[in-house]
Amino acid sequence: MAITIPRNMAEEKTSAEVLGHDFCHHLYYSQGKIGRTASLYDIHMAASRTVRDRILHRWMNTVHHLVSDDFRVVAYLSAEFLIGPQMSNNLLCLGLTEAARQGLSNNGFDLDAVISQEIEPGLGNGGLGRLAACYLDSLASLDIPAIGYGIHYEFGLFSQAIADGWQVEQADRWLRMGSPWELLRPDMAYEVGFGGHTTAYTDGQGRYSVRWEPAQVIRGMACDLPIPGYQSQLTIPLRLWRAEAVEAFDLATYNTGDYMGAVLGKIKSENVTKVLYPVDEMEAGKRLRLMQQFFFVSCSLQDMLRIHLLKGKTPEAFNETYAVQLNDTHPAVAVAELMRLLVDTHGLAWEQAWETTRKAFAFTNHTLLPEAMERWPVGMFGKLLPRHLEIIYEINRRFLDEVRAMRTGDEDLVSRLSLIDESGERYVRMAHLACVGSHAINGVASLHTELLKSTVLKDFHALWPDKILNVTNGVTPRRWVALSNPRLAALLDESLGTEWIREWEATSSRLAAYAGDAGFRARWREIKQANKFSLAKVAKERTGMDIDPASLFDIQVKRIHEYKRQHLNVLHIVSRYLKLKNEPHADVPPRTFIFAGKAAPSYFMAKLIIRLITGVSVALEKDKATRDRLKVAFLPNFNVGLGQIIYPAANLSEQISLAGKEASGTGNMKFMMNGALTIGTLDGANVEILDAVGEQDFFLFGLDAHEVAKAKAAGYSPRGCFDNDPILREALGLISSGFFSDGDGSLFQPLVDSLLHRDEYMLLADFGSYCACQERVDAAWRDQDAWSASSIRNVAGSGRFSSDRAIREYCRNIWDVEPMASLGDEVSFRDCAA
Ligand code: 26V
């Protein structure tokens, strides 16, 4: 007999009493503990499970509709999803924060203590992975049918400690306590082949066919994380694949007496999803990285095809069921894998399969840096994926024939466009594969898209003038305002009404009217002040330093990279220090410079930049005469959770990359939404931030991208800047003297030399302009009322940087998908009986 329980019971149980009761149930039955013996870990697990129960009903319904209804689903393929802490976001989405707080408190527990226990999954390097997470949030909140596909890394990005001023990497064991949010599905698994060889044969109907016999097969198991939308009916699955051995134990080997050998295969298979690669210099020889990419792509496409066929559709109609987005080139091998599945497995003709493939895929490019372009040595690629290499050659042959037909005689063009780089050792160019196999290519900010069209993808743009589009990045106001800045959120509720959380793009501009209201400005300042106190407390806990919330908080947080120019920031700090020493009575408002960010473990210069920041921090702290007016703090282990504390506390946002190098930036948007003013170059989305607020509310400096290109073409040499600027000479001299390195004059020499001899990122060219701009910041800061008004106008102007706007553009211009109409409650707890 079916269980007689009301429909959606799991969802209706939202009162503090029932939440508290169910929490106790999980503590007792899932954790095997009672209140007196429960650790914080137990409480956290039981609380998370209680919340997960409430997500499951929407999730089950979403999945039911995804597999049974006839509409196009977005499949977002990304090697990284940096989703951040889940508990507080899930409570926010479900509207359960206060009930959960009360329910726990009724049992003597504290929600904030539970939240602080959570270990965030660090399954991404930075901007690209976090963007994918913001997009899932928007997809779910806008009721767009979607699924995220990625990799279930056992170790995420390393966690960062600072020892003797240096970065030290530690393994990120995010799963050591288990992950309460995920659902493991051992029965949902696909086999993925590697290596071996191909054989051509003629099939029953006389058609040329190819069979691939891989040498190794690895199984991918689905690990699902639910991504609820804000007050929405939808919960999107984030399906991450974990590698497993097909056979846990090789009996044949075991029988020869080789026990260790018998388990070795299992270990090797599991290695595929062991660890996330930190973006380093792109090293083409990383075979395991290519294995990771193919592994997750193959599992994802097999899963999509299974669901598609389950709907009773034909393989060639795959693109009607899925709009597949390639998040950078990491999943680009999907183009070849879908062709293989359609042609080899499902017997489609090449032309038909190609049409389906191109209609299904679209590709986002996230960088212009030449060293970041993914390419694989042909030899390695062919050994690992022999069938895919054949397919790529065939795609290339047909594509280049088309090119030759359109541009007869231009063999230079042909070799520039080719999927294979044959200028030296041969490489497969993944960006070219993605471009050719997609119906749309997009950049991530206006300037970036224009530079794509005029530089790295110039030839493609000439060939297909309508194919390259711009979709400027966005960030979710749920996590980056509502969750991270509850004080501001309360003021916004009061002044704009609560719909700003769902409609940031349409509502934020209404704030501008309040910039002229003195009472409002005063409250605005109080909120910022309180947020600065919160950050100061965290800084004290994590570094032991006292930072003064009354000082201007000038913050640069992002991956450490020479193109992002954290060392330009440092050069200015050193020049400021020299000014305070040379003119002790100068009227310079107190500032605290805050940095955070990780350096790739093998990126020597980036690590040396961290060492310089910590060296300057220590030296300035020792100087009693200046330390109350000038301070530097480096906060270790920047991640999503720390970002949530940092962005709301910023007065000034440092976005100072060399123009033309930062594709978009998304931290710049998070700062802006939280009322920081930006000091920045005309790079990435800074250009659009400036456009949104106007020059009076933005501190602009430096060369623009055209000037950079011109200066480089003219043979830029940093020497001239050095010779002409006494302040710069003095600042570099102090660094070289060992003043920031306990007297060791050689420590920072590689950094100084690189600036004096090459200065690839043109710090010296922008130094003067940057310092002058920082003086304009000082002047502006002196008028606190005007600063607050500008801060309010920045938040007001940030509407277009909501990821909801970005996702609507993808839906309209690239995916051709629409929000789901209201979902029926097709499945519920009641359906459990067979
Ligand atoms: C990769 C590599 C690898 C080789 C050495 C240097 C290097 C530098 C950067 C990268 C990252 C490439 C992909 C990426 O994360 N891009 C970031 O994507 C964000 C979201 O679109 C965007 O806001 C950032 O500007 C962009 O750097």
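These legends describe close-up views of a predicted model.

**View 1. His439 in its loop.** His439 sits in the loop that joins α17 (430-436) to β15 (440-443). His439 is partly exposed, because its relative accessibility is 32%, between the cut-offs of 20% for buried and 50% for exposed.

**View 2. Contacts of His439 across the sequence.** Residues up to four places away in sequence are left out here. His439 then touches Arg358, Lys359, Ala360, Phe361 and Ala362. Lys467 and Ile814 are also in contact with His439. Ala362 lies 77 residues from His439 in sequence. In space, the C-alpha atoms of His439 and Ala362 are 5.7 Å apart.

**View 3. Side chain of His439 and two backbone oxygens.** One backbone oxygen belongs to Phe361, and the side chain of His439 reaches this atom at 2.7 Å. The other belongs to Arg358. That oxygen lies 3.2 Å from a polar atom of the His439 side chain. Arg358 and Phe361 are both among the contacts of His439 shown in View 2.

**View 4. Cys93 and its closest cysteine sulfur.** The closest cysteine sulfur to that of Cys93 is in Cys134. The two sulfurs are 12 Å apart, too far for a bond, because a disulfide needs sulfur atoms within 2.5 Å. The disulfide count for the model is zero. Cys93 is buried, with a relative accessibility of 1%.

**View 5. Cys832 at the exposed end of the scale.** Cys832 has a relative accessible area of 54%. Cys832 is therefore exposed, as the cut-off is over 50%. Cys93 in View 4, by contrast, is buried.

Technical notes:
Residues are numbered from 1 along each chain as its sequence is written. This is a predicted model: local features need pLDDT of at least 70, side-chain atom pairs count only at pLDDT 80 or more; totals for chains, interfaces and linings use all residues. Side-chain values use heavy atoms; hydrogens and water are left out. Helices (H or I, at least four residues) and strands (E, at least two) are DSSP runs, numbered from the N terminus. Buried means under 20% relative accessible area, exposed over 50%, partly exposed in between (1.4 Å probe, protein chains only). Contact means heavy atoms within 4.5 Å. A polar contact is a pair of N or O atoms within 3.5 Å; within protein, one must be able to donate a hydrogen and the other to accept it, and residues adjacent in sequence count only if both atoms are side-chain atoms.
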